[in-house]
Amino acid sequence: MPIPVFDSFEALNAHLLACCRRRMRDRLRGHTETIGERLQRDLGALQKPLPPPYDACEKVPATVSSLSLVRYRRNDYSVPTSFGHREVIVRGYVHEVVIACGTEIIARHPRSYEREDFVFDPLHYLALIEQKINALDQAAPLAGWQLPEEFATLRRLLEARMGKPGKREFVQVLRLMEAFRIEEVAAAVRDAIDRGAIGFDAVKHLVLCRIERRPPRLDMTIYPYLPKATVATTSARSYLALLAGAGS
């Protein structure tokens with residue numbers, strides 16, 4: 001039988017759990033009960049509750065640097081800029097690094113086994129970049145950030161219509177991913193482009209409408225650069241003219 005191969009520890013653990021659950025239905029030779037039935041009987045006979053599961057990780061204290069980085073095992077991992085110079089606890093697992101400040105988990109990263117490596121989450125730096133918008137194109141944490149194509153289209157439209165303020169609105173759109181999944185924000189960006197409602201408020205509104213499953217109602221008065229449609233009051237004379245034309 002070939003050795004099974006998995007893409008991640010989560011996939012391996014899910015496979016092992018499924019195998020164990022299938023095994024619970026088996027009966028071993030010499031027994032009338034299944035393995036699962038015998039397990040339930042044994043659990044009922046236990047005198048003490050089971051201890052909490054062992055947290056298989058290395059826990060070390062650390063301090064966040066001025067660059068919002070935490071060093072663990074010769075590598076640096078990012079945290080949100082609001083936690084600069086704070087004391088944190090780093091939990092190093094086989095496959096990931098989890099950073100906590102007090103009781104709050106502030107960052108999760110895939111663990112790197114390189115040396116002197118930098119592991120960034122671009123979302124950790126967007127709040128600072130929004131204040132220093134000229135750093136948007138030079139910020140190292142954003143280098144190589146692969147975003148869906150519609151984000152680049154949105155940025156071009158925002159900057160073409162608004163100039164530098166459009167760049168800041170684009171960062172505000174990116175910050176929506178601090179609260180919503182990237183798929184939800186990308187879908188809202190596509191909707192905004194299709195509707196010609198190019199702006200942060202429109203994208204945020206469309207994200208909420210998508211999540212709450214309600215039709216969008218955009219206030220077009222905040223988009224003065226869009227062409228306005230003028231709808232005249234319908235008169236009875238107009239109807240009569242249409243009827244006369246239809247009868248001829």
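This is a short tour of helix packing, aromatic rings and two unusual backbone spots. The model is predicted.

**Stop 1: helix 4 and helix 6**

Select residues 149–162, which make up helix 4, and residues 182–195, which make up helix 6. Two packed helices are described by the angle between their axes and the distance between the axes. Here the angle is about 45 degrees, and the axes lie 9 Å apart. Helix 4 and helix 6 are therefore oblique to each other. Their crossing is left-handed.

Now show the side chains where the two helices meet. On helix 4, pick Glu150, Phe151, Thr153, Leu154 and Leu157. On helix 6, their partners are Val185, Ala186, Val189, Arg190 and Ile193. Colour these contact residues by class: 7 are nonpolar, 1 is polar and 2 are charged.

**Stop 2: helix 6 and helix 7**

Keep helix 6 on screen. Add helix 7, residues 200–212. At what angle do the axes of helix 6 and helix 7 cross? The value is roughly 120 degrees, and the axes come within 8 Å. Helix 6 and helix 7 are therefore oblique to each other. This crossing is right-handed.

Select the contact residues next. Helix 6 supplies Glu184, Val185, Ala187, Ala188, Val189, Asp191, Ala192 and Arg195. Helix 7 supplies Val203, Leu206, Val207, Arg210 and Ile211. By class, the contact of helix 6 with helix 7 has 9 nonpolar and 4 charged residues, with no polar ones.

Look again at Val185 and Val189. Both are among the helix 6 residues that meet helix 4. Both are also among those that touch helix 7.

**Stop 3: a cluster of rings**

Clear the selection and show Phe118, Phe120 and Tyr125, which form one aromatic cluster. The count of aromatic pairs comes to 2. Start with Phe118 and Phe120. Their ring centres are 6.0 Å apart and their planes differ by 10 degrees, a stacked pair.

Move on to Phe120 and Tyr125. Is this pair stacked or edge-to-face? The planes stand at 75 degrees, with the centres 5.9 Å apart, so the pair is edge-to-face. Phe120 takes part in the stacked pair and in the edge-to-face pair.

Turn on a surface to see how the rings are covered. Phe118 has 45% relative accessibility, so it counts as partly exposed. Phe120 is partly exposed too, with a relative accessible area of 28%. Tyr125, at 8%, counts as buried.

**Stop 4: two positive phi angles**

Most residues other than glycine have a negative phi, and most peptide bonds are trans. Two residues to select here have a positive phi.

Go to Ser68. Where is Ser68 found? This residue sits in the loop between strand 1 (58–63) and strand 2 (69–72). Its phi is near 60 degrees, a positive value in a residue other than glycine. Ser68 has a relative accessible area of 3%, so this serine is buried.

Finish at Arg213. Look in the loop between helix 7 (200–212) and helix 8 (236–247). Arg213 is not a glycine, yet its phi is positive, at about 55 degrees. Is Arg213 buried or exposed? At 81% relative accessibility, Arg213 counts as exposed. Show both residues together to end the tour: Ser68 is buried, whereas Arg213 is exposed.

Notes: Residues numbered from 1 in each chain as written. Predicted model: local features only at pLDDT ≥ 70, side-chain atom pairs only at ≥ 80, totals over all residues. Heavy atoms only, no water. Axes fitted to C-alpha atoms, helices over the stretch in contact; angles between N-to-C directions. Helix = DSSP H or I, 4+ residues; strand = E, 2+ residues; numbered from the N terminus. Parallel < 35°, antiparallel > 145°, perpendicular 65-115°, else oblique. Left-handed = near helix turned anticlockwise from the far one by under 90°. Contact = heavy atoms within 4.5 Å. Nonpolar A, V, L, I, M, F, W, Y, C, P; charged D, E, K, R; others polar. Phe/Tyr/Trp six-rings, centres within 6.5 Å; stacked < 30°, edge-to-face > 60°. Buried < 20%, exposed > 50% of the residue type's maximum accessible area, 1.4 Å probe, protein only.
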